[in-house]
Amino acid sequence: MNGAYAYSPDVWPAIVTLALTIFLGLYSWRRRHITGARAYAFACALSTLWVLGVILEILAVDLAVQVHWRRFQAVWMPPVGVGMSCFILQYAGLGRWLTLRTCALLFLVPLLNAVAIATNGSHHLVWAGFVMDRQLTPLPGPLFWLFNGYILVLGVLNLGVLGWLAFRSPRHRWPVAIILFGQVVGRVGFVLGRFGTDWIGPGELVLFTVGLTGSAYAIAFLGFHFIDPVTAARTAVLRQMGEGMFVLDLEGRF
């Protein structure tokens with residue numbers, strides 16, 4: 001979109017977040033044969049568009065241009081939440097739930113969100129308007145709370161699935177704990193951003209909401225082999241075995 005842009009040091013947290021999402025997306029895509037990697041790469045790609053909108057909003061000088069990029073960001077938030085939920089379900093071994101019908105239903109709300117944003121000028125149900133104080137603040141309409149509430153519901157679903165995975169599989173407890181921490185802090189940042197607090201800028205907010213959550217996943221990936229080809233291969237072999245198997249420890253116990 002045409003408009004005046006000017007450098008602001010507030011953009012750096014968002015730039016760091018953009019670099020992180022690109023790295024994590026490429027890292028996951030190179031391992032797309034692993035269960036859940038495609039869903040995570042998809043979520044990272046959508047997050048990149050979200051963060052790019054934040055960067056351009058910060059750099060924009062004209063109010064109308066800032067509003068345009070704020071609307072652009074809002075289009076990508078619900079599908080990012082759906083993509084991350086799909087990834088978590090697949091990694092937890094619940095990928096059988098993600099049928100074509102289920103995926104279509106999950107992405108129905110993001111689709112309606114995009115349509116409502118595109119037509120907001122005629123009904124003002126998403127935003128009643130925008131005001132500029134120290135930073136751009138939206139005046140939410142009734143659909144604003146509906147669509148953003150959907151993202152929070154997906155967050156609760158993620159927390160439940162991760163908690164179930166940690167209870168079921170002790171070896172996943174540390175990476176799950178790290179991801180849960182990132183999820184909780186990320187959702188707190190998201191809520192702060194929805195209420196338009198002016199003591200934290202949009203760059204810092206996206207760093208909390210996207211960057212910190214992504215960092216938690218990165219620690220799990222790199223430090224705990226959350227997407228581990230060896231683990232995935234071993235799981236695939238065990239599922240395809242037609243024979244029984246038992247394992248003994250060094251003391252001869254089953």
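## A nonpolar patch on the surface

Let's start on the outside, where Leu105, Leu108, Leu111, Leu112 and Val115 make up a nonpolar patch with about 460 Å² of accessible area together. Helix H5 (residues 108-118) gives this patch its largest share, four residues. Leucine 105 sits in helix H4 (residues 100-106). With a relative accessible area of 53%, leucine 105 counts as exposed, because the cut-off for that class is over 50%.

Please keep in mind that this is a predicted model.

## The chain as a whole

Stepping back, the chain holds ten helices and two strands. Along the sequence, these elements follow the pattern α-α-α-α-α-α-β-β-α-α-α-α. The chain has 254 residues, and 46% of them count as buried.

How much of the contact network with a separation of 6 or more comes from residues 24 or more positions apart? Such pairs account for 70% of those contacts. On the outside, the chain exposes about 13600 Å², and 69% of this area is supplied by carbon and sulfur atoms.

## Two nonpolar cores

Inside, the largest nonpolar core has 27 residues, and the members that touch the most others are Tyr40, Phe87, Leu106 and Tyr217. Which helices supply at least two residues each to this core? They are helix H1 (12-29), helix H2 (37-59), helix H3 (63-91), H7, helix H8 (173-194) and helix H9 (202-224). H3 gives the most, with seven residues.

Another core lies apart from this one. That second core has 14 residues, among them Ala14, Ile58, Val80 and Ile151.

## Helices H1 and H7

H1 has 18 residues, and the distance from its first C-alpha to its last is 26 Å, close to the 26 Å expected at 1.5 Å a residue. Its buried residues are Pro13, Ala14, Thr17, Leu18, Leu20, Thr21, Leu24, Gly25, Tyr27 and Ser28.

H7 (residues 142-168) has 27 residues, which should span 39 Å at 1.5 Å a residue. The C-alpha atoms at its ends are 40 Å apart, in agreement with that expectation. Buried residues in H7 are Phe144, Phe147, Asn148, Tyr150, Ile151, Leu154, Gly155, Asn158, Val161, Leu162, Leu165 and Ala166. A general point helps when reading such lists: an α-helix has 3.6 residues a turn, so residues three or four places apart point the same way.

## Two buried serines and an isoleucine

Serine 85 belongs to helix H3. Why does serine 85 count as buried? Its relative accessibility is 1%, and the class takes in residues under 20%. Leaving aside residues up to four places away in sequence, serine 85 touches Leu154 and Asn158, both of which are listed as buried in H7.

Serine 47 is part of helix H2, and at 7% relative accessibility this residue counts as buried too. Setting aside residues up to four places away in sequence, serine 47 touches Thr21, Val80 and Val210. Of these partners, Thr21 is among the buried residues of H1, while Val80 is a member of the 14-residue core.

Isoleucine 179 lies in helix H8 and counts as buried, at 0% relative accessibility. Its C-alpha atom is separated by 8.8 Å from that of serine 215. Along the chain, isoleucine 179 and serine 215 are 36 residues apart.

## A salt bridge between H2 and H3

How many salt bridges does the structure hold? There is one. In general, side chains of opposite charge can pair when their charged atoms come close. Here arginine 70 pairs with glutamate 57, and the closest N and O atoms are 2.8 Å apart. Arginine 70 is in helix H3 and glutamate 57 in helix H2, so the bridge ties together parts that are 13 residues apart in sequence. Both arginine 70 and glutamate 57 are buried.

## A positive phi at histidine 124

One backbone detail is worth a look. Histidine 124 has a phi near 55 degrees, a positive value in a residue other than glycine. This histidine 124 is found in the loop between helix H6 (120-123) and strand S1 (127-132). Is histidine 124 buried, partly exposed or exposed? Its relative accessibility is 41%, so histidine 124 counts as partly exposed.

How values were computed:
Residues numbered from 1 in each chain as written. Predicted model: local features only at pLDDT ≥ 70, side-chain atom pairs only at ≥ 80, totals over all residues. Heavy atoms only, no water. Patch = residues over 30% accessible without salt bridge, like charges linked within 9 Å, V, L, I, M, F, W, Y side chains within 5 Å. Areas by Shrake-Rupley, 256 points an atom, 1.4 Å probe, with all protein chains shown as cover. Salt bridge = Lys/Arg side-chain N within 4 Å of Asp/Glu carboxyl O. Buried < 20%, exposed > 50% of the residue type's maximum accessible area, 1.4 Å probe, protein only. Expected span 1.5 Å × (residues − 1). Core = buried A, V, L, I, M, F, W, Y, C linked by side-chain atoms within 4.5 Å. Contact = heavy atoms within 4.5 Å.
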